[in-house]
Amino acid sequence: MIRGERVADKDLAALVAGNKTAWDGFVRRYAGLILSAVRTLVREGTEAEDILQEVFVRLCKDDFRLLKTYDPVRAGLSTWLTIVARSTARDVQRRHRPPQSALDDVPERLLAVSDVHVEPLRFPKDLLSPRQQLVLTMLYERDMDVAEIARTLDVDPQTVRSTHHKAMLKLRAYFAPGRQ
Amino acid sequence: MTEPMDRAEEHALWRHWRTAMVNAAGEAVPAPDALLLAAYAEHRLSETAAEDVESWLARHPEALGDVLAAAESDAGGEQPSAAALAKATDLVSERDPTVVPFRRSARSASPAWRVAAARVAVAASLLVVSLVGFALGTDAYTSLSGSDQQAALSQDLFDPPSGIFSGLGEESSS
């Protein structure tokens, strides 16, 4: 969140009312933030600026429908805009992603539908708590270290280690040989 | 945190669990909206609300990147080109500030005498139109039927028949 950021209610009201001056000020103030937010997700070149445009289009289209959902009481504007910008970037990339392979290039045997009935796997969804799942995701999916995770979750590093340890005990017990 | 061998084993356990979880659970938790994720990034959610978000984030590591980026968002990064800024500002056009929504002017209720006068005026108009119409119709009729008939008609209307009062006149005279 930008230090000292606080969007005045009257500024926000003018913005969603379609005030041109308010919109221009908003664009100049937050374009850099949006560009920085999407830069890590896109390729080189002008793609980032295309997504920047797409973000602003999303914010103002349908009479500022998306912008009207923002509530300054619940979160800072820059935090919210960063999430909106990155989500938009991923949507754009998903739309423009080329098909992996043409259907004609795939061998026919790979397209054949097998008639084998597979029993759905029984799995205890609540084996790990949401916090334990998140800590493991941060550790193993995003390769974050304990200090980073602690900072992100706003907890003590020792709490992160403890959460990880308890989660691993549960997984070892569940996947132990002979258990399944 | 752990020895390299343990870490590899733990990583494998996690992968195993995650694969099984994805296959078994599907999409149990609805996707949080941007505002909820932003509130989570700023640690503004209650424990229960945060748990739901964390449960979803654990299945969507790509969104976890958004939360991490949002927590460290910085407006002082790179600046877009002037052309990109101009395109974005052009998305909202200038509105005429003098245009105000149309409103009907409030009309005061008419007094009773004005309503009565209006009704009398309408009735009088109808009466005048009726009389003029009748007079015109009569004129047209008499002009079409000729002067003899007019005379006979006038006689029939204004002169009494001779038979009715003749005896009376004789009696009175005698």
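Biologist: I'd like to start with one residue. What is the relative accessible area of A:R172?

Modeller: For A:R172 the relative accessible area is 30%, and that makes the residue partly exposed, because values from 20% to 50% fall between buried and exposed. Please keep in mind that this is a predicted model.

Biologist: Which side chains does A:R172 meet in salt bridges?

Modeller: The general idea comes first. Side chains of opposite charge can pair when their charged atoms come close. Here, A:R172 and B:E10 form a salt bridge, with 3.3 Å from N to O. A:R172 sits in helix 8 of chain A and B:E10 in helix 1 of chain B, so this pair joins two chains. A:R172 also forms a salt bridge with B:E9, at 3.0 Å from N to O. That pair joins two chains as well, because B:E9 belongs to helix 1 (residues 4-25) of chain B and A:R172 to helix 8 (residues 157-174) of chain A.

Biologist: Are B:E9 and B:E10 buried or exposed?

Modeller: B:E10 is buried, with a relative accessible area of 4%. B:E9 is partly exposed, at 32%.

Biologist: How many salt bridges are there over all chains?

Modeller: The count is 11 over all chains. There is also a network of salt bridges that links A:R86, A:R90 and B:D66. Another salt bridge pairs A:D63 with A:K68, where the closest N and O atoms are 3.3 Å apart. A:K68 is partly exposed, with a relative accessible area of 45%.

Biologist: What can I read from the backbone of A:D63?

Modeller: Look at the sign of phi. A:D63 has a positive phi near 60 degrees, although the residue is not glycine. A:D63 is placed in helix 3 (residues 47-68) of chain A, and its relative accessible area of 45% makes it partly exposed. A:D143 also has a positive phi, about 55 degrees, and is not a glycine either. A:D143 is in the loop between helix 6 and helix 7 of chain A and is exposed, with a relative accessible area of 58%.

Biologist: Now the chains as wholes. How many helices and strands does each have?

Modeller: Chain A has 8 helices and 0 strands, and chain B has 8 helices and 0 strands. To get a feel for each chain, read burial and contacts together. In chain A, 42% of the 180 residues are buried, and of its contacts with a separation of 6 or more, 62% involve residues 24 or more positions apart. In chain B, 24% of the 174 residues are buried, and 53% of the contacts between residues at least 6 apart join residues at least 24 apart.

Biologist: And how much accessible surface does each chain have?

Modeller: Chain A has about 10500 Å², 51% of it belonging to carbon and sulfur atoms. Chain B has about 12300 Å², with 60% belonging to carbon and sulfur atoms.

Biologist: Why is helix 2 of chain B described as largely enclosed?

Modeller: Count its buried residues. In helix 2 (residues 34-41) of chain B, 6 of the 8 residues are buried, so the rest of the structure largely encloses this helix. The buried residues are B:L35, B:L37, B:A38, B:A39, B:Y40 and B:A41. They pack against helix 4, helix 6 and helix 7 of chain A, and against helix 3 and helix 4 of chain B. After helix 2 of chain B comes B:H43, with a positive phi near 55 degrees.

Biologist: How do helix 2 and helix 3 of chain B cross?

Modeller: Two packed helices are described by the angle between their axes and the distance between the axes. For helix 2 and helix 3 of chain B, the axes come within 10 Å and cross at roughly 105 degrees. These two helices are therefore roughly perpendicular to each other. From helix 2 of chain B, B:L36, B:L37 and B:Y40 meet residues of helix 3 of chain B, including B:V53, B:W56 and B:L57.

Biologist: Last one: which residues form a nonpolar patch on the surface?

Modeller: An α-helix has 3.6 residues a turn, so residues three or four places apart point the same way. The patch is made of B:V128, B:V132 and B:L136, which together have about 280 Å² of accessible area. B:V128 lies in helix 6 (residues 112-145) of chain B.

Methods. Residues are numbered from 1 along each chain as its sequence is written. Chains are lettered from A and ligands numbered from 1 in the order in which they are written. This is a predicted model: local features need pLDDT of at least 70, side-chain atom pairs count only at pLDDT 80 or more; totals for chains, interfaces and linings use all residues. Side-chain values use heavy atoms; hydrogens and water are left out. Patches are made of residues with over 30% relative accessible area and no salt bridge: like charges are joined within 9 Å, nonpolar side chains (Val, Leu, Ile, Met, Phe, Trp, Tyr) within 5 Å. Accessible areas come from the Shrake-Rupley method with a 1.4 Å probe; for residues, only the protein chains shown count as cover. A salt bridge is a side-chain nitrogen of Lys or Arg within 4 Å of a carboxyl oxygen of Asp or Glu. Helices (H or I, at least four residues) and strands (E, at least two) are DSSP runs, numbered from the N terminus. Buried means under 20% relative accessible area, exposed over 50%, partly exposed in between (1.4 Å probe, protein chains only). Contact means heavy atoms within 4.5 Å. Axes are lines fitted to C-alpha atoms, for helices over the stretch in contact, and angles run from 0 to 180 degrees between N-to-C directions. Angles under 35 degrees count as roughly parallel, over 145 as roughly antiparallel, 65 to 115 as roughly perpendicular and the rest as oblique.
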